[in-house]
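Open the model in your viewer and keep the sequence panel visible. The tour moves from stop to stop, with a selection to make at each.

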Amino acid sequence: MLEVVRIPVLNDNYVWLLHDDASGQTVVVDPAVAEPVLEAAAARGWTIDQIWNTHWHGDHVGGNAAIKAATGCIITGPAAEAGKIGTLDRTVGEGDHVRIGDHVATVMAVPAHTAGHVAYHLAGDHIIFIGDTLFAMGCGRLFEGTAAQMFANMARLAALPDDTIVYCAHEYTLSNGRFALGIEPDNVALAQRVAAVEAARARGEATVPTSIGQERATNIFMRATDVTQLAARRAAKDAA
Ligand code: ZN
Ligand code: FE
């Protein structure tokens, strides 16, 4: 069994610690910073063996060098962004595999937020680390890619099993949900989810991870019927 630990850092980032009991291996996904991540691992008696980066933004790779200095871990990230990240030991792209113990993650190229953005999909474990591509009731901003690319990403992600647990990198859920309700005011599942998220946030609770099934029901970007509609929704959210 894999264990996943959520580490809240900076304003709204989540760093994910992935641990495999059988092999004793530990992976960090998108360490924005080093210290809280090293502390979270040490508190559990875990040593960080690997870092997996989804994209080059500083709030996803900022802890790379210090974690490597402290642990000697191997850092994997997107080949297309190796020059921007600078600390990668191993580069990956679509269809490549990375491992934690006997558990295999398949790399998916999901460009749009950044040009080389990747996701790590552990199909056997029903887990995906998606970075800033898919959020709970939202999607990443289109900084380096197109709405057509994001639409294709959403279609690929929607095709994963509903029970796939989605580990995204930010707590943007409430803002996303309120915006989505304006687009789909008659979506009962969406209204119920937003109400639950309002309550959870009022209690100071995290609302991530999410699941593919929940997103298929409530994510207006995944539910967009064509590229034009996704583009219009993304532009409206950017301006909100
Ligand atoms: Zn980002
Ligand atoms: Fe980010």
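**Stop 1: the iron ion**

Select the iron ion (ligand 2) in this predicted model and follow its donors along the chain: they are spaced D-H-x71-D-x37-H. His60 sits in helix α2 (residues 58-61), and Asp132 sits in the loop between β10 (127-131) and β11 (134-135), so this pair ties together parts that are 72 residues apart in sequence.

Now show the side chains of Asp59, His60, Asp132 and His170. The two aspartates donate through OD and the two histidines through NE2. These donors lie 2.0 to 2.4 Å from the iron ion. Check the angles among the four donor atoms: they run from 83 to 168 degrees, and the site is irregular. Add a surface if you like; His60 and Asp132 are both buried.

**Stop 2: the zinc ion**

Which residue coordinates both the zinc ion (ligand 1) and the iron ion (ligand 2)? Asp132 does, and the two ions are 3.2 Å apart. Keep Asp132 on screen. At 3% relative accessibility, Asp132 counts as buried.

Next, select the protein donors of the zinc ion (ligand 1): His55, His57, His113 and Asp132. His55 and His113 use NE2, His57 uses ND1, and Asp132 uses OD. The donors lie 2.2 to 2.3 Å from the zinc ion. Along the chain, the zinc ion (ligand 1) has donors with the spacing H-x1-H-x55-H-x18-D. His55 is in the loop between β4 (50-52) and α2, while Asp132 is in the loop between β10 and β11, so the pair ties together parts 77 residues apart in sequence. His55 is buried, at 0% relative accessibility.

Why is the arrangement around the zinc ion (ligand 1) irregular? Its four donor atoms subtend angles of 87 to 173 degrees. Four donors count as tetrahedral if all angles lie between 85 and 135 degrees.

**Stop 3: His103**

Select His103, in strand β8 (residues 103-109). Is His103 buried or exposed? It is buried, with a relative accessible area of 16%; the cut-off for buried is under 20%.

Draw a distance to Asp20. The side chains of His103 and Asp20 are joined by a polar contact of 3.3 Å. Then show the other residues around His103. Leaving aside residues up to four places away in sequence, His103 touches Leu2, Asp20, Val98, Leu122 and Asp125.

**Stop 4: the largest pocket**

Switch to a surface view. The largest pocket holds about 190 Å³ of space. It is lined by 13 residues, and those closest to its centre are Phe135, Cys139, Arg141, Tyr172 and Arg234. Select these five residues to centre the view on the pocket.

Which helices each supply at least two residues of the lining? They include α6 (173-183) and α9 (227-239).

Stay on α6. Its buried residues are Thr173, Leu174, Asn176, Gly177, Phe179 and Ala180. Show what surrounds them. The buried residues of α6 pack against two strands, β11 and β12 (138-139), and against the helices α7 (188-202), α8 (212-218) and α9.

**Stop 5: backbone geometry**

Hide the side chains and look at the backbone. Most residues other than glycine have a negative phi, and most peptide bonds are trans. The next three selections depart from that pattern.

- Select Val208 and Pro209. The peptide bond from Val208 to Pro209 is cis, with omega near 15 degrees. Pro209 is in the loop between α7 and β14 (210-211).
- Select Asp30. Its phi is positive, near 55 degrees. Asp30 lies in the loop between β3 (26-29) and α1 (35-43). It is buried, at a relative accessible area of 3%.
- Select Met137. This residue is not a glycine, yet its phi is positive, about 65 degrees. Met137 is placed in the loop between β11 and β12. It counts as buried, at 1% relative accessibility.

**Stop 6: Ala191**

Finish on helix α7 and select Ala191. Ala191 is partly exposed, with a relative accessible area of 32%. Now add Arg178 and draw the C-alpha to C-alpha distance. Ala191 and Arg178 are 9.0 Å apart in space and 13 residues apart in sequence.

Methods. Residues are numbered from 1 along each chain as its sequence is written. Chains are lettered from A and ligands numbered from 1 in the order in which they are written. This is a predicted model: local features need pLDDT of at least 70, side-chain atom pairs count only at pLDDT 80 or more; totals for chains, interfaces and linings use all residues. Side-chain values use heavy atoms; hydrogens and water are left out. Donors are N, O and S atoms within 2.8 Å of the metal (3.2 Å for Na, K and Ca); water is not among the atoms, so sites may look incomplete. Four donors count as tetrahedral if all angles lie between 85 and 135 degrees; four count as square planar and six as octahedral if opposite donors are over 155 degrees apart and all others between 65 and 115; anything else is irregular. Helices (H or I, at least four residues) and strands (E, at least two) are DSSP runs, numbered from the N terminus. Buried means under 20% relative accessible area, exposed over 50%, partly exposed in between (1.4 Å probe, protein chains only). A polar contact is a pair of N or O atoms within 3.5 Å; within protein, one must be able to donate a hydrogen and the other to accept it, and residues adjacent in sequence count only if both atoms are side-chain atoms. Contact means heavy atoms within 4.5 Å. On a 1 Å grid over the protein atoms alone, a cavity is a set of points where a 1.4 Å probe fits but cannot get out, and a pocket is an open set with protein on both sides within 12 Å along at least five of seven lines; lining residues have an atom within 4 Å of a point. Grid points are joined across faces, edges and corners, and a volume is the space filled by probe spheres set on the points.
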